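Biologist: I'm new to this one and a bit lost. Please pick one part and take me through it closely, along with whatever surrounds it.

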Amino acid sequence: MDVSTLSLLALFVIAAVPLAPTEVTLIGMGVVAAAKDGPIAPTILVASAGCLLCDYLLYVTGRRGGSRALARVRRRRSADTTIRWLTARLERRPVAVLVIARWLPAGGTAGSLLAGSLRWPRAAFLTASVIGVILWSTYAVLLGYLGGTMVDESLTSLLLSLAVAAVLTALVAAVWRRRTGHHLDYARGTSGGTAVHPAEQA
């Protein structure tokens, strides 16, 4: 088993663990790929597979004990705000909202748990998850790869890519906070409840 295979295996494990530093890992592997002029497709595919597994396990956890799992995640203030934002919007544009959530604090974890607790049909959830993990993994790897092509020194290119990622995240968060507004009070009382997805209502 060579170093490349070990790296991809480690990436899969990290991506499959909730709240693990997957983004930093992907950016770093993108930088390495640029430095070695290597392919990025395997990294994107492995990361997507790991994230998809993580999402599905969280979804199942949400279906079986959503309120308890959500309560633990909501101990983090940023995750709590994300869950309230998601709750207020999931019924209107479910797939789009879950995809966008991946760029929010703890969005992938919160969105999967919430979808499970709301009894989303598996097909609808997996569709949103597949689209989201592929787009997000591609974004993170390309960010590192572009940083690696712009700066020869690996550490500098990694720091540059991380800085760009932080700025982009801050911009998304700023827009997110501005658009949250009055929906927070509604969502505060509905997260983790017993509501079900319309497709499963009797």
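**A close look at α6**

Modeller: Let's start with Thr109, which counts as buried because its relative accessibility is 10%; the label means under 20% relative accessible area, with exposed being over 50% and partly exposed in between, using a 1.4 Å probe and protein chains only. Before going on, keep in mind that this is a predicted model, where local features need pLDDT of at least 70 and side-chain atom pairs count only at pLDDT 80 or more, while totals for chains, interfaces and linings use all residues. Numbering runs from 1 along each chain as its sequence is written, and side-chain values use heavy atoms, with hydrogens and water left out.

Thr109 sits in helix α6. Helices here are DSSP runs of H or I at least four residues long, strands are E runs of at least two, and both are numbered from the N terminus. The chain has 9 helices and 0 strands. Of its 202 residues, 45% are buried.

Now for α6 itself: 11 of its 11 residues are buried, so this helix is mostly covered. Among them are Gly107, Gly108, Ala110, Leu113 and Leu114. Thr109 touches Pro18, Leu19, Leu58 and Val73, once you set aside residues up to four places away in sequence. Touching, or contact, means heavy atoms within 4.5 Å.

One of those partners deserves a quick detour. Leu19 belongs to the loop between α1 (3-15) and α2, and its relative accessible area of 46% makes it partly exposed. Its phi is near 65 degrees, a positive value in a residue other than glycine. For background, most residues other than glycine have a negative phi, and most peptide bonds are trans.

Follow the chain out of α6 and you meet Leu118, in the loop between α6 and α7. Leu118 is buried, with a relative accessible area of 6%. Its C-alpha atom is 7.4 Å from that of Arg63, although the two residues are 55 apart along the chain. Arg119 shares that loop setting between α6 and α7, and just after α6 it takes a positive phi of about 60 degrees. With a relative accessible area of 31%, Arg119 is partly exposed.

What about the neighbour, α5? This helix covers residues 94-101, and its buried residues are Val97, Leu98, Val99 and Ala101. The cover over them includes α6 (107-117), along with α4 (77-89) and α7 (122-150). Leu98 shows how this works: leaving aside neighbours within four places in sequence, it contacts Gly111, Ala115, Leu90, Trp120, Phe125 and Ala128.

Leu98 also stands out in the largest nonpolar core, a set of 25 residues in which Leu98, Leu86, Leu90 and Trp120 have the most contacts. A nonpolar core is a set of buried Ala, Val, Leu, Ile, Met, Phe, Trp, Tyr and Cys residues joined through side-chain atoms within 4.5 Å. Elements giving two or more residues to this core are α3 (41-73), α4, α5, α6 and α7. The largest share, 7 residues, comes from α3. There is also a second, separate core of 19 residues, including Ile27, Met29, Ala33 and Val133. In soluble globular proteins, nonpolar side chains tend to be buried together.

Next, see how α7 packs. The axes of α5 and α7 come within 8 Å and cross at roughly 35 degrees; axes are lines fitted to C-alpha atoms, for helices over the stretch in contact, and angles between N-to-C directions run from 0 to 180 degrees. This crossing is right-handed, meaning the near helix is turned clockwise from the far one by less than a right angle, whereas anticlockwise would be left-handed. On the α5 side, Val95, Leu98 and Val99 meet Phe125, Ala128, Ile131, Gly132 and Leu135 of α7.

α7 has another partner too: its axis and that of α2 (residues 22-36) come within 7 Å and cross at roughly 45 degrees. That makes α2 and α7 oblique to each other, since angles under 35 degrees count as roughly parallel, over 145 as roughly antiparallel, 65 to 115 as roughly perpendicular and the rest as oblique. The crossing of α2 and α7 is right-handed as well. Residues making this contact include Leu26, Ile27 and Ala33 of α2, with Trp136, Tyr139 and Leu143 among those from α7.
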